[in-house]
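Please open the structure in a viewer and keep the sequence at hand. The tour below proposes a series of selections.

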Amino acid sequence: YQPTDTNYKTPQMLLRSFVDCLSMGGNMLLDIGPKADGTIPPRQVEILKEFGRWTSKHKEAIYETRAGIPTEHFHGGYTTLNREGNILYLYLPNRPNGPIELKGIANTVHRAWVVGNGSMLNHKVYNKLYWSSVPGIVYIDVPEECLDEQITVIAVLLDGPIKLYRGEGQVISVN
């Protein structure tokens with residue numbers, strides 16, 4: 001404890017570290033430095049309140065989840081899975097520039113929604129060839145009005161426990 005240390009992380013910085021830990025199956029302990037009389041400095045209280053607001057809103061994507069999928073399947077941020085493995089949670093620490101994409105998901109996506117407000121999201125699969133085992137790319141539209149001020153969380157309901165395509169496509173040569 002250093003009473004003169006007021007170089008606090010912002011709620012955004014703490015939440016990014018938190019979802020990074022969640023995506024790898026871990027948890028995070030916050031180091032709070034109360035004053036000698038047991039009170040918590042006002043700036044720390046502000047940060048904790050915002051952290052609490054965010055975790056309350058997104059509790060379904062935090063508690064009783066497990067590590068998510070490898071980053072090459074979702075470049076938008078971090079992921080977790082529910083215990084059964086049939087709901088994939090996507091964490092968006094930045095505002096998306098167009099639809100977000102999932103690659104190599106062999107499951108059928110039943111629906112996608114914004115965690116904390118329930119807005120259903122449009123999704124579509126592109127580049128899936130009926131004769132190939134290589135899955136297409138799932139694109140999910142996330143409207144601006146659905147975004148959280150810190151990190152937006154999208155839930156994706158799959159047709160069963162997640163199955164990832166980890167192979168390679170076939171090269172077709174033309175002679």
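The stops begin with the whole chain and then turn to helices, cores and single residues.

**The whole chain**

Please display the complete chain first, bearing in mind that this is a predicted model. The C-alpha trace spans about 80 × 30 × 30 Å along its principal axes. Colour by secondary structure, and 2 helices and 9 strands appear. Their order along the sequence is α-α-β-β-β-β-β-β-β-β-β. If the view is shaded by accessibility, 38% of the 175 residues count as buried. Among contacts with a separation of 6 or more, 66% join residues that are 24 or more positions apart.

**The pair of helices**

Next, select residues 11-23, helix α1, together with residues 42-57, helix α2. The two axes come within 10 Å and cross at roughly 45°. The helices are therefore oblique to each other. The crossing of α1 past α2 is right-handed.

Show the side chains where the two helices meet. On the α1 side these are P11, L14, L15, F18 and V19, and on the α2 side R43, I47, E50, F51, W54 and T55. Sorted by class, this contact comprises 8 nonpolar, 1 polar and 2 charged residues.

**T55, within α2**

Remain on helix α2 and select T55. Is T55 buried or exposed? T55 has a relative accessible area of 11%, and because the limit for a buried residue is under 20%, T55 is buried. Beyond residues up to four places away in sequence, T55 touches F18, I62 and Y63.

**P41, between the helices**

Move to P41, which is placed in the loop between α1 and α2. P41 is likewise buried, at a relative accessible area of 14%. Setting aside neighbours within four places in sequence, the contacts of P41 are Y8, G33 and K35. To relate this loop to a distant part of the sequence, select P161 as well: P41 and P161 are 120 residues apart along the chain, and their C-alpha atoms are separated by 45 Å.

**The largest nonpolar core**

Now turn to the strands. In soluble globular proteins, nonpolar side chains tend to be buried together. Here the largest nonpolar core has 22 residues, and L90, L102, I140, I154 and V156 touch the most other members. Which strands each supply at least two residues of this core? They are β3 (87-92), β4 (100-103), β5 (109-114), β8 (137-140) and β9 (152-158).

Apart from this core lies another, of 19 residues, which includes L15, F18, L22 and A61. Two of these residues, L15 and F18, also belong to the α1 side of the helix contact already visited.

Return to the largest core and centre the view on L90. Leaving out residues up to four places away in sequence, L90 touches F74, Y78, T79, I100, L102, I140, T152, V153, I154 and V156.

**D159, after β9**

For the last stop, follow the chain past strand β9 and select D159, which lies in the segment after that strand. With a relative accessibility of 39%, D159 counts as partly exposed. Which residues does D159 touch, not counting those up to four places away in sequence? The contacts are N107, T108 and H110. A distance drawn from D159 to H110 reads 6.4 Å between C-alpha atoms, although these residues are 49 apart in sequence.

Key:
Residues are numbered from 1 along each chain as its sequence is written. This is a predicted model: local features need pLDDT of at least 70, side-chain atom pairs count only at pLDDT 80 or more; totals for chains, interfaces and linings use all residues. Side-chain values use heavy atoms; hydrogens and water are left out. A nonpolar core is a set of buried Ala, Val, Leu, Ile, Met, Phe, Trp, Tyr and Cys residues joined through side-chain atoms within 4.5 Å. Buried means under 20% relative accessible area, exposed over 50%, partly exposed in between (1.4 Å probe, protein chains only). Helices (H or I, at least four residues) and strands (E, at least two) are DSSP runs, numbered from the N terminus. Contact means heavy atoms within 4.5 Å. Axes are lines fitted to C-alpha atoms, for helices over the stretch in contact, and angles run from 0 to 180 degrees between N-to-C directions. Angles under 35 degrees count as roughly parallel, over 145 as roughly antiparallel, 65 to 115 as roughly perpendicular and the rest as oblique. A crossing is left-handed if the near helix is turned anticlockwise from the far one by less than a right angle, and right-handed if clockwise. Ala, Val, Leu, Ile, Met, Phe, Trp, Tyr, Cys and Pro count as nonpolar, Asp, Glu, Lys and Arg as charged, and the others, Gly among them, as polar.
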